[in-house]
Amino acid sequence: MEIQRRPETMERITTKELADKFIAEQVSEIQKQVGTNKVLLALSGGVDSSVVAALLIKAIGKQLVCVHVNHGLMRKNESEDVVRIFGEELDANLIYVDATDRFLDLLAGVAEPEKKRKIIGAEFINVFADEARKLEGVTFLAQGTIYPDILESIKQAEGKQAVKSHHNVGGLPEDLQFELCEPLKFLYKDEVRVVGEALGLPHAMVYRQPFPGPGLGVRCLGAITRDRLHALREADAILREEFDICGLSEKVWQYFIAVPDIKSVGVKNESRYEGWPAIIRAVNTKDAMTATVEEIPYAVLHKIVARITNEVEGINRVLMDLTPKPVGTIEWE
């Protein structure tokens, strides 16, 4: 599958005027591409899929069918929020699919990051295909692919290995029955946000924390187990809550917890206590191609450490990742 590059003549979208121009062009292109057919959209509730949804609604209205798949790898209460915001408040044509067991059963025992990503990506397509069979006139699959996804998936001519694969870039099955609709594929993350605001989406939605397609699957490092996944979800919720309280949620571009499949010895209730470490990652970036580490006040860190180690069963240490991108990537897997 040939992967296209962003046209060299394409102007960076930095103002509402440029965003309005982009929106008008994409609405016209979407209408020409889709015609009277229906489109399935993977609606995670993140920035990219939300902006795609707004664009498609503007272009084709109720021809859009939004599908939110709960793969069991979502952050705490995230699926519930998606259903409430899009299904109830925004009146989107929304289908909710709880596929937790389906995904976690396939991922059982799989430790290699690329294999996990490919399993999750392929199963997403299978879920969409299942939902599409229940509908009539669906011939398109919309995706929130953005340009950093493409750049990180391209193997350079000089033989550099791709940083990582993305299930929405070149990883789709050859027998895919949908034609793709990817209106944001040449935009960087900062441009997507400008377009989202120009479309009238709420500020909180446009600047919502980025979340990878594989979800917590690439933050529950190594082979995923349900108990470690639960600990990760709870620890991540505490981190996000404390960042909200101290005002860091608006200052830091992306922050999350990663939990590796290793244990260390600790002490709890005067007894030996083996547990996993929770690793804090907090970075700032404009385009997701490079990133710097955000400094977190020690008072905030101490509170986060105390809460996670006292409230989350299975975690006995909290660590901080101080590596910029490059050499580290934003995600651990």
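The legends below describe an overview and several close-up views of a predicted model.

**Figure 1. Overview of the predicted protein model****.** The protein contains 10 helices and 10 strands. Its radius of gyration is 20 Å, close to the 20 Å that the globule rule gives for 333 residues, so the protein is as compact as a globular protein of that length. The C-alpha trace extends over about 70 × 50 × 40 Å along the principal axes. Of the 333 residues, 52% count as buried. The protein exposes about 16,000 Å², and 51% of this area is supplied by carbon and sulfur atoms. When contacts between residues at least 6 apart in sequence are considered, 75% of them join residues at least 24 apart.

**Figure 2. Packing of helix α1 against helix α2****.** Two packed helices are described by the angle between their axes and the distance between the axes. Helix α1 comprises residues 16-34 and helix α2 comprises residues 47-60. Their axes lie 9 Å apart, and the helices pack at an angle of about 65°. The crossing of α1 past α2 is right-handed. On the α1 side, the contact is made by Phe22, Ile23, Gln26, Val27, Ile30, Gln31 and Val34. On the α2 side, Leu55, Leu56, Lys58, Ala59 and Ile60 take part. By class, nine residues of this contact are nonpolar, two are polar and one is charged.

**Figure 3. Packing of helix α4 against helix α5****.** Helix α4 covers residues 100-107, and helix α5 covers residues 113-133. The two axes come within 10 Å and cross at roughly 145°. This crossing of α4 and α5 is right-handed. Helix α4 contributes Arg102, Phe103, Leu106 and Leu107 to the contact. Helix α5 contributes Lys116, Ile119, Ile120, Glu123, Phe124, Asn126, Val127 and Asp130. The residues of the contact divide into seven nonpolar, one polar and four charged.

**Figure 4. Surroundings of Asp236 in helix α9****.** Helix α9 spans residues 226-246 and includes Asp236. The relative accessible area of Asp236 is 1%, so this residue is buried, the limit for that class being under 20%. Apart from its neighbours within four places in sequence, Asp236 is in contact with Arg75, Phe256 and Ile257.

**Figure 5. Surroundings of Leu229 in helix α9****.** Leu229 also has its place in helix α9. Leu229 counts as buried because its relative accessibility is 3%. Leaving aside neighbours within four places in sequence, Leu229 is in contact with Gly72, Leu73, Leu104, Leu216, Cys220 and Ile224. Between Leu229 and Val305 there are 18 Å in space, C-alpha to C-alpha, and the two residues are 76 residues apart in sequence.

**Figure 6. Surroundings of Asp91 in the loop between α3 and β3****.** Asp91 is found in the loop that lies between α3 (78-89) and β3 (94-98). With a relative accessibility of 53%, Asp91 counts as exposed, the limit for that class being over 50%. Setting aside neighbours within four places in sequence, Asp91 is in contact with Lys62 and Phe86. Asp91 and Gly217 are 126 residues apart in sequence, and their C-alpha atoms are 30 Å apart in space.

Key:
Residues are numbered from 1 along each chain as its sequence is written. This is a predicted model: local features need pLDDT of at least 70, side-chain atom pairs count only at pLDDT 80 or more; totals for chains, interfaces and linings use all residues. Side-chain values use heavy atoms; hydrogens and water are left out. Helices (H or I, at least four residues) and strands (E, at least two) are DSSP runs, numbered from the N terminus. Buried means under 20% relative accessible area, exposed over 50%, partly exposed in between (1.4 Å probe, protein chains only). Contact means heavy atoms within 4.5 Å. Axes are lines fitted to C-alpha atoms, for helices over the stretch in contact, and angles run from 0 to 180 degrees between N-to-C directions. A crossing is left-handed if the near helix is turned anticlockwise from the far one by less than a right angle, and right-handed if clockwise. Ala, Val, Leu, Ile, Met, Phe, Trp, Tyr, Cys and Pro count as nonpolar, Asp, Glu, Lys and Arg as charged, and the others, Gly among them, as polar. The radius of gyration is taken over C-alpha atoms; the globule rule is 2.2 Å times the number of residues to the power 0.38. Accessible areas come from the Shrake-Rupley method with a 1.4 Å probe; for residues, only the protein chains shown count as cover.
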